[in-house]
Amino acid sequence: MTAGVTAMSRSMVSCHDCSLLVHLPAHRLHTQETCPRCHAGLHVRKSNSLARTWALLIAAAVLYVPANLFPIMTVTSLGAVQSDTIMSGVIYLLMHDMWPLALVVFVASVFVPFTKLFVIAYLCISVQRRSAWRTSERTRLYRITEAVGRWSMIDIYVVTILVALVQLGALATIDAQSGAVYFGAVVVLTMFAAESFDPRLLWDASEGRDE
Amino acid sequence: MTTAGLTACHDCDLLNRDVPVPEGGASRCARCGGVLRRHKTDSLDRTLALAASAAVLFVIANVFPFLAFEMQGDVTQTTLATGVDQLWDKGWYALAGLVFVTAIGAPFLQISLLLYVLVPLKLGRLPYDLARVFRLLRHIEPWSMMEIFLIGILVSLVKLADMANIIPGLALWSFGALIIVLAAANAALDPRLIWDRVEYSA
Ligand SMILES: [Zn+2]
Ligand SMILES: [Zn+2]
């Protein structure tokens, strides 16, 4: 691995939105500049990336608890009320021998949000500890984490569709419950957390510490 | 050192020399392997054709019956927006908002902004405020989640299978086609071609 010549080291900033490479005199490198082409804010690195990522991540981790403990919906059928949590939804599919679908829902609703919290926390810590270990792989890990997070929305949509379809008052009704709100918040917060993390920090931290 | 002929990698900030990219190919960062540029074949024409088809499919998907639910003779017709309506009526405003934005609002904006950008360019004119509009378009993309909604439908159908009969409507098929067409439109788009059209003074 070679110590690379980065845009920052040459007093250049790459626009996050349109990729235009802009040369700035050193004293303007960390001031509020905008891209001459697309008017987006120019930042050498995403501003306050680590602090912002941690804040969003901790908020998501806190909401993750009620998201999984509280029911996401209730089914009222002939007076009997049955509550569903994220996990019981997966178990229901398993018991009906729909294991491919159970697997999809398990990965999207349980595995992805949980793993995402840990992976982003790990990436932040690895920057703070100035790790130089497998930076390429950590960058790839970031790209994957950023891409798969949205799939956790499946359960939110299931609740929506069931609520829409089953509105036959007397026979059965389905209503959303607070767990779904918390779960939706977790998905949105982790998406923002991934977005606010700047993978270039992984490389800055490993600079000069090549194995 | 000038910026000419150089591109910085979005993921690791390494300066890479611009190299010609063959049609259908991509250039990658020498250090982290991140994609620097993909060269799409016939990008503007293809994206425009796909976005126009997506607009038609979007209208069908939102106007016609989506799913019907039959239980002991009673039939409930729903459209794509019924779930959002119901959640809103029951006071779940945040959920209703989230579903509306990701399943209807974001795809709608995506299609309209694509057409707003591409139609004038095709006619040889510059769309008003191109830079700002195109930036907005790129920021909307991750929030458009129709394909995930479709998996949600699949799970719902399984859960209701014991309880009732579900009849798919025209809108559902249109919705499925829309997902494929819009994904193809995004895949055909070469953002660099659009940015090259934006005039600016450094
Ligand atoms: Zn820009
Ligand atoms: Zn790179």
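How many salt bridges does the rule find across the interface of domain 1 of chain A and domain 2 of chain A? Zero. Hello everyone, that is where I would like to start today. One caution before we go on: this is a predicted model.

Let me set out chain A. Chain A is divided into domain 1, covering 1–44, and domain 2, covering 48–206. On the domain 1 side, six residues take part in the contact, and domain 2 of chain A brings four residues to it. The C-alpha centres of these two domains of chain A lie 34 Å apart. Between them, domain 1 and domain 2 of chain A bury about 350 Å², and carbon and sulfur atoms give 50% of that area. Polar contacts tell a similar story to my opening question: with both residues at pLDDT 80 or more, the rule finds zero residue pairs in polar contact across this interface of domain 1 and domain 2 of chain A. As for the classes of residue, the side of domain 1 of chain A that touches domain 2 of chain A has three nonpolar residues, three polar ones and no charged ones.

Chain B also has two domains: domain 1 spans 1–39 and domain 2 spans 42–201. Here the C-alpha centres of domain 1 and domain 2 of chain B are 31 Å apart.

Now for the part I enjoy, where the two chains meet. The contact takes 67 residues from chain B and 71 residues from chain A. Together, chain B and chain A bury about 6,100 Å², with 70% of it on carbon and sulfur atoms. Which three residues of chain B supply more of the area it buries against chain A than any other three? They are His10(B), Arg31(B) and Lys159(B), and their share is 12%.

What about the charges? The rule finds five salt bridges across the interface of chain B and chain A, while a search of the whole structure gives 12 over all chains. Let me show you two pairs. In one, the side chains of Arg45(A) and Asp13(B) meet at 2.9 Å, N to O. That pair crosses between chains: Arg45(A) is in the loop between strand 4 (41–42) and helix 1 (49–69) of chain A, and Asp13(B) is in the loop between strand 1 and strand 2 (15–17) of chain B. In the other, Arg143(A) forms a salt bridge with Asp11(B), and the closest N and O atoms are 2.5 Å apart.

Polar contacts come next. Between chain B and chain A the count is 21 residue pairs in polar contact, with both residues at pLDDT 80 or more. Several elements of chain B each supply at least two residues of the side that touches chain A, among them strand 1 (6–8), helix 3 (93–122) and helix 7 (191–197). Helix 5 of chain B provides the largest share of that side, 12 residues. By class, the side of chain B that touches chain A divides into 37 nonpolar, 18 polar and 12 charged residues.

To finish, two hairpins in chain B that you may like to look at on the screen. Strand 3 (residues 26–28) and strand 4 (residues 35–38) of chain B run antiparallel and are joined by three bridges. Ser27(B) has Arg37(B) as its bridge partner in strand 4. Six residues lie between the strands of this hairpin, where Gly33(B) takes a positive phi near 80 degrees.

The second hairpin is made of strand 5 and strand 6 of chain B, which pair in the antiparallel sense over five bridges. Phe69(B) finds its bridge partner in Thr76(B) of strand 6. This hairpin has two residues between the strands, and Gln72(B) takes a positive phi near 45 degrees.

Thank you all for listening!

How values were computed: Residues numbered from 1 in each chain as written. Chains lettered and ligands numbered in written order. Heavy atoms only, no water. Domains from an automatic or database assignment. Contact = heavy atoms within 4.5 Å. Buried area = accessible area lost by both parts, 1.4 Å probe. Salt bridge = Lys/Arg side-chain N within 4 Å of Asp/Glu carboxyl O. Polar contact = N/O pair within 3.5 Å; in protein donor to acceptor, adjacent residues only side chain to side chain. Nonpolar A, V, L, I, M, F, W, Y, C, P; charged D, E, K, R; others polar. Pairing = 2+ DSSP bridges. Helix = DSSP H or I, 4+ residues; strand = E, 2+ residues; numbered from the N terminus.
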